Amino acid sequence: MDSQTVRQKHKEFLFPCVANYYAEPVVITEAHGSTVKDLDGREYLDFFGGILTAGIGHSHPEFVKRIQDQVARLVHTSSVYPTVEQVAVAERLTQITPGKLKKSFFTTSGTEADETAVMLAKIYTGQQEIIALRHSYAGRSQGAIAITGQQPWRILPTQMPVSNTHSRLTVTAVRSVSSIPIAGSAARRTSTT
């Protein structure tokens, strides 16, 4: 299969909201460090620092080993059961984050982290409106789509009152700390208020 075929099948079999940013996106098949290879054998330097990006490079040997070790012991449990790794990461986060953080909420996606941050901000402030950044992207859930500032990603009418702004200083809801507990290691995502 070549890249053109993959792009055609992507349009045919995936929902329109799983859109690509480019007319002919690179079909990546392999990546190591900062180099990616496409289906047609071309290599590229990866300068992307955005959605679903881990800042450790591709296929980092230590990260790969930790994932393999964890999967060999335990892949997933419901959140109704505590795990050693989850508690260890939560405790470590209290030691390395500024302020008085004592509680963590672990998610599997930025969308879920954004939804939780909005919910917690509303509970804490008692307010129902939030302010989001213009040209922002918050995810694919209904709430996340409602606060997304990029019109092409807003495929549904706004379901929650949102004011979009250019200033980061006026954001009242923050993206929550989200981590992936893998063998005592954590990938962490934070934003400022």
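Which residue in strand 3 does Lys37 stand opposite? In this predicted model, the residue opposite Lys37 is Glu43. The pair belongs to an open sheet of three strands, arranged in the order 1-2-3 with antiparallel pairing. Strand 1 (28-32) and strand 3 (43-45) lie at the edges of the sheet; each has a single partner strand, so one side of each is left without a neighbour. From one strand to the next, the twist averages 25 degrees.

Strand 2, residues 35-38, is joined to strand 1 by four bridges, and one bridge pairs His32 with Thr35 of strand 2. The hairpin formed by strand 1 and strand 2 has two residues between the strands, and Gly33 adopts a positive phi near 60 degrees there. On the other side of the pairing scheme, three bridges connect strand 2 to strand 3, again in an antiparallel arrangement. Four residues separate these two strands in their hairpin, where Gly41 in the turn has a positive phi of about 90 degrees.

The side chains of strand 2 divide between the two faces. Val36 and Asp38 point to one face and are buried, whereas Thr35 and Lys37 point to the other and are not. In a regular strand, side chains alternate between the two faces of the sheet.

Attention may now turn to the nonpolar core. The largest one comprises six residues: Val118, Ile130, Ala132, Ala138, Ala144 and Ile147. Strand 4 (130-133) contributes at least two residues to this core, as does helix 5 (142-147).

Definitions and conventions:
Residues numbered from 1 in each chain as written. Predicted model: local features only at pLDDT ≥ 70, side-chain atom pairs only at ≥ 80, totals over all residues. Heavy atoms only, no water. Pairing = 2+ DSSP bridges. Axes fitted to C-alpha atoms, helices over the stretch in contact; angles between N-to-C directions. Core = buried A, V, L, I, M, F, W, Y, C linked by side-chain atoms within 4.5 Å. Buried < 20%, exposed > 50% of the residue type's maximum accessible area, 1.4 Å probe, protein only.
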